[in-house]
Structure formats: C-alpha cells, structure tokens
Amino acid sequence: MIATRLSYIVERYKLLPENHFGARPKRSAEQALNLVIEKIFQAWREHKILTLVSFDVKGAFNGVHAHVLEQRLRARRVLEQAVRWNRNFCSQRRAQISLGRYESEAKDIGYPGIPQGSPLSPLLYIFYNADLVERAIDAKGGAIGFVDDFNAWVVGDNERQTTRLVQNTVIPHAEQWAKQSGAIFETDKTSLIHFTRSKTYDDTRSLYFGNEEVKPQESVKVLGVILDKRLAMHQHVTKVVNKATYACIALRSIKGVRPVQARQLYRSCVLPIVDYAASTRYGPGKQGTTKLIKTLEKTQRLGARGVLRAWKAVSLPVLEAEAHLEDTKIRLDKKVAKHAAKIYTLESTHPLRKAISHRKGQRRIRSPLQGTIREHIDRIRPCGETTLQSNPA
C-alpha cells in the first residue's frame with residue numbers, strides 16, 4: 001500500500017529523474033536498452049563514437065544507510081509522514097535463521113539496509129541513487145539507471161577524447177556520490193566499451209576508478225543483454241540460444257506431461273528467454289535478420305519436438321502446426337511491433353520518446369527499432385495532434 005502511494009506521488013509530481021528506469025510504470029529494461037542503442041546509432045550517423053561505462057554497487061540494498069535515505073526523501077519533497085514511516089521501516093530489524101528443526105536466537109541487525117524482496121525496496125533505492133543517475137541526455141552524453149544498475153556514456157570523435165571525458169566527468173561524479181552515500185563500487189565489475197563502426201580501434205586507453213585500472217572491452221552486459229562494440233549481437237544471440245536449448249532439454253526430461261501442459265511450459269519458460277529485448281536486435285530490414293531467424297528456429301524445433309514427442313525428421317512447419325506454435329518470424333514481428341506502438345503512448349517527456357520522435361524517416365544507419373517503426377508507421381503513428389494513451393488499468 002505504501003509502495004503504491006509513493007509510486008503515485010513520484011509520477012504525479014515528477015520527483016525522480018526521467019532517465020531512471022525500473023520499479024516505475026511505463027519504464028522497462030527493454031526501453032532503457034532501446035534508449036542506449038538509439039544514442040549509439042545517433043552518434044554513428046554523426047561519424048562519432050559512443051563510450052559507455054557500466055558501474056556495479058556492492059551489496060546495493062544492504063548498503064543503504066537509513067539516515068542518508070531519509071535526507072534524500074526529504075530533498076525530493078516526499079511528505080514528512082511518509083519519510084518517518086520509511087525511517088521506521090528501515091530500522092530496528094531482527095533476523096533469525098531456521099534450518100530444519102533448528103532455530104537460532106533472534107538478533108538485531110546492526111546495518112539492516114532495506115529488505116530485499118519487499119515491493120517498497122526498489123522504489124526506495126531509486127530515491128537513494130537518484131542524484132547519481134540525474135543527468136541530462138543530449139548529443140554529448142547521458143546516463144540511465146535501472147534500480148541499482150547505473151550506466152553512463154559520452155560521445156566524441158575518438159576513443160582518446162571520450163575516455164578523457166569519462167575520466168574527468170563521469171568518474172568523479174560517481175566517486176562523489178559513493179562518498180556521500182557510504183556506498184562502495186566494485187571496481188573489478190566496472191565495464192568500459194567504445195561503440196564504433198571504424199575498423200581502426202584504439203584499445204590502449206584505460207580508465208582509472210579508485211586504485212583500479214579499467215580497460216576497454218569488446219563487449220559488455222547491460223541489463224541482461226550483451227552489447228558488442230559494433231552491435232552485431234552475435235555473442236548475445238549465441239548465449240540466448242544456449243540458454244533456451246538447456247531449458248528445452250530440461251522440459252523434455254519431465255515425464256508424463258500432456259502436450260497441452262508441455263506447450264504451456266515451453267511458452268512460459270523458453271520463449272521469454274528467446275524474446276527478451278527482441279527490439280534491440282531484431283527489426284525489419286536489419287542486416288542479418290534471416291540468419292537470426294534460422295538460428296532461433298533451431299530452438300523452436302527442439303521445443304516443438306518436446307511438446308509433441310515427435311521424431312527428429314519431422315519438418316518444422318508441421319511441428320509448429322501440430323503444437324499450435326507461432327512461426328518464429330511472425331512471433332517476433334508481432335512482439336517488436338507491439339513494443340513500438342507502446343512507445344507512442346509514452347509521455348513527451350519520456351527519454352525514449354524524445355530519442356525516436358524526430359527520426360521516424362531516418363534511412364541511413366537505421367537501428368532495429370527505427371526499422372520496426374518505419375515498417376509500421378502508418379498504423380502506430382498518432383493522427384493529427386492527438387496522442388495515444390495507454391489503459392490506466
């Protein structure tokens with residue numbers, strides 16, 4: 001109940017940065033990834049590169065200090081009554097370990113932080129690191145936050161320039177926030193990557209975060225998606241196929257399951273792995289789409305055989321028809337088209353809406369999302385001055 005009320009106040013009075021995704025309505029991990037990719041393509045169209053640095057906070061929820069959180073809730077104009085309630089929520093907590101019939105003595109937790117698993121905790125942590133994430137997104141750089149994940153980027157002419165900008169602007173800001181918050185960044189998990197289309201690549205420039213050297217990488221994982229420096233996405237697709245294949249094999253090992261239940265298991269356990277953030281790598285007209293579909297069809301074939309317990313020689317169209325499964329291409333087309341339509345229901349202040357609003361007709365160096373929008377523009381673009389509105393329910 002408190003989380004619902006606080007969420008309403010946040011959105012009604014704009015208490016948090018617009019570029020803070022996660023634990024908020026109309027903001028998802030896929031939208032955050034779309035925003036980063038759109039900015040990468042925008043930099044490429046201007047013959048520049050984008051350098052991104054990804055940070056990891058050690059023990060994020062457990063490391064929250066109640067008095068710091070209280071100060072930041074007040075600074076964001078949260079009602080005093082709610083601030084006092086949250087202070088009590090984050091203090092005087094006890095823990096007890098139960099193992100079989102054994103139960104330990106209940107003891108006070110010295111530094112309780114905020115409890116993981118609570119519906120309120122992600123929203124409180126967004127308030128806690130809002131100052132870290134709050135940064136304007138423009139042609140020179142920007143940042144996104146997703147609960148405890150923080151990614152920032154700068155745009156420049158070459159790796160030397162962007163590395164210097166990150167070292168002189170992004171790193172000091174992160175270090176200052178950590179000092180004020182009592183948080184610790186895991187420098188060994190800090191990632192640096194230069195997104196470039198150039199064949200000549202300067203990988204000798206490193207960052208220095210604290211006492212650690214951070215070297216540029218060929219790929220970096222952002223919100224569960226592996227992004228390589230040229231956005232070919234081969235490494236991510238390979239990982240997705242392997243993970244989905246293991247899931248299919250695990251489902252096939254379950255004995256005595258009827259085809260109806262097996263189909264339900266496949267749709268709920270395997271397809272979400274394959275389809276997660278599909279708009280970041282799949283779009284009409286994108287180079288390599290045919291190869292991507294053929295790669296994903298291998299997983300579809302294995303899953304359909306598991307549903308029907310069919311022979312290996314049965315063709316994929318027959319398997320899909322008998323198992324009542326959509327063709328891979330049709331399924332992805334529907335998913336990315338629906339995602340593109342939802343973007344047009346977002347408010348004009350939403351960072352992703354700003355990123356794509358003036359690039360619908362872009363032909364040169366087009367992102368997968370732009371390809372989808374161009375394919376379906378007549379069906380998803382609002383007519384006249386009216387704007388689409390999502391269902392409040």
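In this predicted model, Arg87 comes out partly exposed, at 32% relative accessible area. Its salt-bridge partner is Glu70, with the closest N and O atoms 3.1 Å apart. Glu70 sits in helix H3 and Arg87 in helix H4 (residues 80-89), so this pair ties together parts that are 17 residues apart in sequence. The glutamate end of the bridge is the buried one: Glu70 has a relative accessible area of 12%, and that counts as buried because the cut-off is under 20%.

The pair doesn't stand alone, either. Salt bridges with shared partners link Glu70, Arg74, Glu80 and Arg87 into one network. Across the model, the salt-bridge count comes to 15.

Another of these bridges reaches further along the chain. The side chains of Arg76 and Asp131 meet at 2.9 Å, N to O. Arg76 belongs to the loop between H3 and H4, while Asp131 is part of helix H6, so the bridge ties together parts that are 55 residues apart in sequence. Here it's the arginine that is buried, with a relative accessible area of 12%; Asp131 is partly exposed at 36%.

Then there is Arg27, which pairs up with Glu18 at a closest N to O distance of 2.3 Å. Arg27 is buried, at 11% relative accessibility, whereas Glu18 is partly exposed at 23%.

Turning to the nonpolar side of things, the largest core holds 45 residues, and those with the most contacts inside it are Phe55, Leu69, Tyr125, Phe127, Trp177 and Phe185. Quite a list of elements feeds this core with at least two residues each: helices H1 (2-13), H3 (66-75), H5 (121-128), H6 (130-133) and H7 (159-181), plus strands E2 (49-56), E8 (149-156) and E10 (207-209). Leu69 gives a feel for the packing: setting aside neighbours within four places in sequence, this leucine touches Val64, Cys90, Ile114, Leu124, Phe127 and Tyr128. A second core, separate from that one, is made up of 38 residues, among them Trp44, Ile193, Tyr344 and Ile356.

Finally, helix H15 (residues 368-380) isn't straight: a kink of about 45° is centred on Arg374. Much of the helix is also tucked away. The run Pro368, Leu369, Gln370, Gly371, Thr372 and Ile373 is buried, and so are His376, Ile377 and Ile380. For the spacing of those later positions, it helps to recall that an α-helix has 3.6 residues a turn, so residues three or four places apart point the same way.

Key:
Residues are numbered from 1 along each chain as its sequence is written. This is a predicted model: local features need pLDDT of at least 70, side-chain atom pairs count only at pLDDT 80 or more; totals for chains, interfaces and linings use all residues. Side-chain values use heavy atoms; hydrogens and water are left out. The bend at a residue is the angle between axes fitted to the seven residues ending there and the seven starting there. Helices (H or I, at least four residues) and strands (E, at least two) are DSSP runs, numbered from the N terminus. Buried means under 20% relative accessible area, exposed over 50%, partly exposed in between (1.4 Å probe, protein chains only). A nonpolar core is a set of buried Ala, Val, Leu, Ile, Met, Phe, Trp, Tyr and Cys residues joined through side-chain atoms within 4.5 Å. Contact means heavy atoms within 4.5 Å. A salt bridge is a side-chain nitrogen of Lys or Arg within 4 Å of a carboxyl oxygen of Asp or Glu.
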